[in-house]
Amino acid sequence: MSAGAPGALDLDKLYTARLHAARVRPYLATALFALHTVESRQVPTMAVDRYWRVYVSPGFVDRTPVEELAGVWVHEVSHLLRDHHGRGDRAARLQGLEGPGARLRMNIAADCEINDDVFGDGLVRPAGAVTPQHLGLSGGELMEDYLRQFGLGPRTQGLVWLDCGSGADGMDREWDLGPDGAHGLSEQEQDAVRFRVAQGINGRPGNAPKGWKRWAEEAFHPPQPWRELLGAAVRSAASGAGAGEDYSYGRPSRRSAGLPGIVLPSLRRRPPRVSVVIDTSGSVSDAELGSALLEVAAIAQAVGGRRDLVTVVPCDAAARIVHPLCQGEGIALLGGGGTDLRAGFAKALRSGPRPDVIVVLTDGQTAWPAVRPPCRVVVGRFSRPKVPRWDEDDPYYRPDPTPPWARVVEIGSATAGR
Amino acid sequence: MPMDMPAVSQLDVAGDLLALLGETTTEPRPDNQLEALTLAVAADLPVLLWGEPGIGKTAALTQLAASLDLPLTTVIASVHEPSDFSGLPVVGDDPAEQGVPMAPPDWAVRLVRAGRGLLFLDELSTAPPAVQAALLRLVLERRIGALQLPPGVRIVAAANPRSSAADGWELSPPLANRFVHLQWTHDHDVVVRGLGGTWPRATLPRLDAQELPAAVDFARRAVCGFLTTRPPLVHRLPSGETRRGGAWPSPRSWDMTLRLIAFATAAGSSREVLSMLVRGTVGDGPALELLAALDRMELPDPEALLADPAGADLPERGDQRQAVLDGIVAAVNRRPEKSRWDAAWTIMVRALETGAPDLVVVPATSLAALRREEWDVPAAIERLAGVVDLSRRADRAAERTAVRTGVPAGARP
């Protein structure tokens, strides 16, 4: 079977490498086997397209050891599983990046995302694989984050030959067979393969590295940008019945004059009053708080609230203003008690006129009111790495869970997502 | 009057220019979104189109109405008052005696009189809450004031996504559960080509009258078989802010799914279309699981392959092929008999001859492990020598990797 005509693609070697890859990464086997191999003399090494075909250069297979080829298999299939072409297109649209230079940067950024965590543990990093360290960046980030951090320059000079195909950066190549070519996977089939791989990882979470676990968790529930979620929650709370624009029978409609005998309601608007309660316990950083507060103020204005109807209640024992408390960036929590948001709620509700919406910005390490407050509540919770808070006096201390009557939006770091 | 001449002719020229601009042609082009919409409307389920303003929802509805031969009534929700949908209260001579009738608007009367039509409720999300409440009753109960809409009237509503709706409109979970949510997006190529003068003409699905009983049978098997193995998915309220206002699984939405699978099957629709519809009724996660189960349903049955190993037709795609081979090994393991074991080897050889060899390694190894002492090794195994060689070379690669990375080779799973 092996050793055909000189220069022909050594399929046995290629498939041996795939077998090795599938053995050391069993959770990727479905995806590896779903790839359709196409021999191509135009690709420099191995490249994928967005329809799950892998284009292979016979020369590259000849000169590369099997164990490194296995690494290349995993690398290429990672581009597809992580939807780098779709994300590349999105990044191109959002950031206005176009042209081969930008796509090369995307390819490099995508490679960094993959190479910083797929190798090791039975899999050899292929020679010449680009890593974040290569570009002077720290590892563990997403393609979109890397993309913002470097430009083409001396450091990337050696990488211009790098080409993982249209599956890695979304730019069509001359060797691509295109959507109508044979053995392409449709979008739905691609999703099915991704789904099965994600299921395999979630089913046996012990075996997969952190990067893959994160991918599996987010593959079908991509994190949404918190700004949009917080905006939607505040908007919907502020424009619900009782506030905002709605119909009322309190005054007859202007239409009534022309329609004697018919009772019509009229459109009234009452701008919503928004109270922002801020957890100033020091565990929330200045920058986070500032951006969240700006966001809430902008949304409140967008739904018709006036600036004077947005109040800010810093929640701590003393009535301090917001700015000085925001300087606590990076300061660890002091003591075990910390903030008690019940005081903040009481204060916001005591203020007249009563707010229609209370927006709480907190890290969630607090007690909550026992009864539902008489207004809508939106909680913007700053997500914290899993460092449980520790109380010396009470080792079993657990912060209260967020109450069910509040709508909770997790405020994380800027999530680019899939 | 010569003075008026230039003005009139200028308008005429403008008219000519407009006519020229209006001269566009159409070309047939498969359109999955429109196909999904057509099937959902045909299945008489309330549809909610989610899409940014200005991406051609109305144009799609016009095309749909034309192809279904239904008169289209478009109602822009945001310019109406709640009483336009719940009925205008008309005070008569003696309200205490006769009650206050709720008079329906003229378009509703015309629709009821026609007995059939497509009612398009546009801009649901920009209407004030009271109007939305009245509209949802119209969609779900099919009543406008005292009027009941006849069965021949189909209703489609459209809304902007939460992030772009001016006032953060969203559906409560019980309401969201009653709709088929279709995401409406624009296709860049279609828009560019359309502005260039050629708009797509979608070929709409036709239900095949012969296929109906088989389609119902298939849909019932698919949904029931899936839910038997995944009881938690029968009813699962959406949790978290991200999935608010969207589709979620419940007995009601599974019933809708079943109906849509039957329609899509009878129409011979593609998996893409089915995927859109199922995601729109039970949500992304459960839909993907169901579709994955459907894929498995369509793979060849291991027992059938074992019964006729020489004629075995294995799937082309590597991952599916491996799933089939694994299934065969599992079937032999369930009922180990010499004849079945031999048949399985024949299939392994076939798989090796028609596809990539690396997929055969794991199933062949597991199959070899099933051997009983009294069973003779079949001659076919000779032809799997290449697989054994491949496996050995992979082992050696693993050893070399271990040397290079300093991790013992035995550590691999």
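**Close-up 1. The span 13–135 of chain A in this predicted model.** The end C-alpha atoms of residues 13–135 of chain A lie 32 Å apart. Helix accounts for 55% of the span and strand for 9%. A UniProt annotation from an unreviewed entry, "domain: Putative metallopeptidase", covers these residues together with residues 164–268 of chain A.

**Close-up 2. An open sheet of five strands in chain B.** The strand order is β3-β6-β9-β2-β10. The pairing is parallel. β3 (72–76) and β10 (180–183) of chain B are the edge strands, and each pairs on one side only. On average, neighbouring strands of this sheet are turned by 20° against each other, direction ignored.

**Close-up 3. The pairing of β3(B) with β6(B) and the helix packed on the sheet.** Five bridges link β3(B) to strand β6 (residues 116–122) of chain B, in the parallel sense. Look for V75(B): opposite this residue stands L121(B) in β6(B). Helix α6 (residues 106–114) of chain B packs on the sheet. Helix α6 touches three strands of chain B: β3, β6 and β9 (152–159). The direction of the helix makes about 150° with that of β6(B).

**Close-up 4. Buried residues of helix α17 in chain B.** Helix α17 spans residues 358–369 of chain B. At its start, D358(B), L359(B), V360(B) and V361(B) are among the buried residues. P363(B), A364(B) and L367(B) are buried as well. The cover comes from both chains. From chain A, it includes α1 (11–24) and α2 (29–34). From chain B, it includes α15 (318–334), α16 (338–354) and α18 (385–405).

**Close-up 5. D44(B), a loop residue with positive phi.** D44(B) lies between α2 (32–42) and β2 (47–50) of chain B, in the loop. Phi of D44(B) is near 60°. Most residues other than glycine have a negative phi. D44(B) has a relative accessibility of 34%, so this residue counts as partly exposed; the partly exposed class runs between 20% and 50%.

**Close-up 6. D69(B), a positive phi in the loop before β3(B).** The loop between α3 (57–68) and β3 of chain B holds D69(B). D69(B) is not a glycine, yet its phi is positive, at about 60°. D69(B) counts as exposed because its relative accessibility is 56%, and exposed means over 50%.

Methods
Residues are numbered from 1 along each chain as its sequence is written. Chains are lettered from A and ligands numbered from 1 in the order in which they are written. This is a predicted model: local features need pLDDT of at least 70, side-chain atom pairs count only at pLDDT 80 or more; totals for chains, interfaces and linings use all residues. Side-chain values use heavy atoms; hydrogens and water are left out. Two strands pair if DSSP finds at least two bridges between them. Helices (H or I, at least four residues) and strands (E, at least two) are DSSP runs, numbered from the N terminus. Axes are lines fitted to C-alpha atoms, for helices over the stretch in contact, and angles run from 0 to 180 degrees between N-to-C directions. Contact means heavy atoms within 4.5 Å. UniProt positions are given in the numbering used here, feature names are shortened, and annotations may be inferred rather than shown by experiment. Buried means under 20% relative accessible area, exposed over 50%, partly exposed in between (1.4 Å probe, protein chains only).
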